[in-house]
Amino acid sequence: MKAKMTLAKEFRIGDIDKRIYGSFIEHLGRAVYGGIYEPGHPTADEDGFRTDVIDMVKKLNVPIVRYPGGNFVSGYNWEDGVGPVEKRPKRLDLAWGTTEPNTFGTNEFMKWCKKADTDCMMAVNLGTRGTDAARNLVEYCNHKGGSAWSDLRKAHGYNDPWNIKLWCLGNEMDGGWQMGAKTATEYGRAALEASKVMKWTDPSIETVLCGSSSRNSWTFGTWEEQSLDIAYDSIDYVSLHQYYANRTDDIQSFLGHTMQLDEFIYSVICICDYVKAKKRSKKTINLSFDEWNVWYHSNNRPFEKWSVAPPLLEDIYNFEDALLVGSMLITLLRHCDRIKIACLAQLVNVIAPIFTQTGGGIYEQTIFFPFMHVSNYGRGAALLPLLDCPKYDCKEYTDVPYLESIATYNEENEEVTIFCVNKSLDEEAILDVNLMDFEGYKPFEFISMDGYDKKAENTFNAVNVKPHNNPVPAMDGTNLTVAMKPLSWNVIRLKK
């Protein structure tokens with residue numbers, strides 16, 4: 001299979017906000033307890049944080065982590081998770097049917113963020129609570145001192161404010177499974193008032209309005225339009241959530257899901273701009289894709305109800321999942337002019353790239369590697385390549401390009417990186433790249449993941465699916481020729 005790509009500096013989509021490489025930690029399953037926090041573990045530090053997990057998080061170069069939910073936040077009293085640990089109450093978490101011990105809370109998470117070199121994207125409870133609890137949490141976290149809640153933080157041993165800049169206004173409030181679910185109008189009013197007083201408390205923060213819980217939700221479209229129409233002037237971003245599955249073992253439809261993802265993103269942009277036009281506003285609302293991933297391997301596994309930190313939603317990912325995650329990252333970058341924040345859900349154990357054994361080891365799941373590559377090498381500006389390649393039809397989609405690709409240009413480092421997925425089951429792709437005005441740029445690294453069974457997984461004993469380096473591809477002037485194997489993830493790095 002032959003394909004052609006043309007790249008130029010003028011093909012700039014926009015600057016990539018580093019927060020597009022964010023992730024997510026919820027009080028769900030073993031994400032916190034046994035994940036990032038496990039006092040007594042051989043690698044635990046003085047705060048009980050697993051340093052082996054922190055080391056892997058740093059490899060992913062995650063700039064922001066959403067916390068504490070997710071569905072959990074819609075029933076969470078943030079006051080339960082601060083102050084002396086021995087005085088914190090145990091609560092029933094109705095979202096996941098477990099018991100929350102509250103031995104880990106806001107201050108512990110913020111300390112973990114500092115050690116993991118990341119920032120916090122804090123969510124407030126707009127399900128069972130509302131405006132008052134939200135503004136109090138902002139005051140507790142961000143106010144310097146001299147008020148009741150900021151002085152309480154100081155009394156808890158944290159003299160300096162945390163200065164959290166990004167805040168989610170609830171979570172999936174359209175969903176009937178959500179505690180305190182609302183209509184679009186009810187939610188729009190709640191979000192408007194919460195965001196308003198939160199920003200009165202700290203004018204430097206940004207807030208994220210909940211979009212509908214997925215593209216497949218019956219509320220999609222009307223929810224965004226109606227809630228935005230109410231809260232537009234007070235908020236900064238609208239959230240998107242989407243997960244994909246391969247329950248019928250149709251890999252070509254599975255890898256074709258980025259066709260739907262692209263349309264989903266475009267639809268939300270159109271709704272935001274419609275409301276902007278309707279209001280005759282000069283303000284542009286950007287997107288926060290703060291939940292995305294593959295999720296389906298673990299949906300129905302049983303657990304003991306009301307237990308503490310049971311193994312929930314522990315998907316074990318395979319090679320085909322890694323290919324879709326890479327393709328989804330490429331799709332997000334294609335819209336980096338409007339997507340400023342994104343969170344791979346989640347970070348550890350719960351549908352996550354990092355998997356741990358409580359009391360034991362750790363390993364990288366298959367999806368770890370494409371995320372690591374794009375997060376580390378996909379900085380600067382995104383360039384939309386002119387790509388001419390064959391297409392295929394499958395059960396769910398027509399005219400799916402065999403190649404999914406994006407390029408990034410880091411002007412400061414004088415580097416260009418091409419990310420590409422070959423979705424063909426059996427054909428190698430010979431890609432000819434015309435680098436146009438990138439004279440003097442030469443390839444210095446070609447990384448790929450290929451040759452694996454599509455169902456191959458990693459384990460504690462063996463990392464079976466991992467990237468490897470290839471010979472640097474040939475170059476003639478500004479023309480580059482790359483051979484990419486069937487079903488492969490490819491990273492080509494060039495430097496001036």
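Biologist: In this predicted model, what covers the buried residues of helix 1?

Modeller: Helix 1 spans residues 51-60, and its buried residues are D52, V53, I54, M56, V57 and L60. Their cover includes two helices and two strands by name: helix 2 (106-116), helix 10 (368-377), strand 13 (354-356) and strand 14 (362-364).

Biologist: Which residue follows helix 1, and what is the sign of its phi?

Modeller: Helix 1 covers residues 51-60. The residue that follows is N61. Its phi is near 60 degrees, hence the sign is positive.

Biologist: Helix 2 also packs on a sheet. Which strands form the closed barrel, and in what order?

Modeller: The barrel has 8 strands, with parallel pairing. From one strand to the next, the twist averages 30 degrees. The order is 3-4-7-8-9-10-11-12.

Biologist: Take strand 8 and strand 9. Which residue of strand 9 stands opposite L169?

Modeller: Strand 8 holds residues 166-169, and strand 9 holds residues 206-209. They pair in the parallel sense over 4 bridges. Opposite L169 stands L209.

Biologist: What angle does helix 2 make with strand 7?

Modeller: Helix 2 touches strand 4 (64-67) and strand 7 (119-124) as it packs on the sheet. Its direction against that of strand 7 makes about 155 degrees.

Biologist: And what angle does helix 9 make with strand 11?

Modeller: Helix 9 (residues 319-334) packs on the sheet too. It touches strand 10, strand 11 (286-294) and strand 12 (339-344). With the direction of strand 11, helix 9 makes about 175 degrees.

Biologist: Is W162 buried or exposed?

Modeller: W162 sits in the loop between helix 4 (148-155) and strand 8. Its contacts beyond four places in sequence are N107, M110, K111, K114, C141, N142 and R153. The relative accessible area of W162 is 14%, and the cut-off is under 20%. So W162 is buried.

Biologist: Which element gives the most to the lining of the largest pocket?

Modeller: About 640 Å³ of space lies in that pocket. Its lining has 34 residues, with S213, S214, Y243, W295 and N299 nearest the centre. Strand 10 (237-244), helix 7 (251-255) and helix 8 (257-278) each supply at least two. The most, 4 residues, comes from strand 10.

Biologist: How many residues of each class line the second largest pocket?

Modeller: This pocket has a volume of about 290 Å³. Of its 16 lining residues, R334, L387, P401, L403 and E404 are the closest to its centre. Helix 8, strand 16, strand 18 (400-401) and strand 19 (403-410) each give two or more. By class, the lining has 8 nonpolar, 2 polar and 6 charged residues.

Biologist: Which strands stand at the edges of the open sheet, and why is one side of each left without a neighbour?

Modeller: The sheet has 5 strands in the order 16-1-21-25-24, with mixed pairing. Each edge strand has a single partner strand, so one side is left without a neighbour in the sheet. The edges are strand 16 (386-388) and strand 24 (474-476).

Biologist: Which residue of strand 21 is the bridge partner of K2?

Modeller: Strand 1 (residues 2-6) and strand 21 (residues 429-434) pair in the parallel sense. The pairing runs over 5 bridges. In strand 21, the partner of K2 is I430.

Conventions. Residues numbered from 1 in each chain as written. Predicted model: local features only at pLDDT ≥ 70, side-chain atom pairs only at ≥ 80, totals over all residues. Heavy atoms only, no water. Pairing = 2+ DSSP bridges. 1 Å grid on protein atoms, 1.4 Å probe; cavity = no way out; pocket = protein on both sides within 12 Å on 5 of 7 lines; lining within 4 Å. Points joined across faces, edges and corners; volume = space filled by probe spheres on them. Nonpolar A, V, L, I, M, F, W, Y, C, P; charged D, E, K, R; others polar. Buried < 20%, exposed > 50% of the residue type's maximum accessible area, 1.4 Å probe, protein only. Contact = heavy atoms within 4.5 Å. Axes fitted to C-alpha atoms, helices over the stretch in contact; angles between N-to-C directions.
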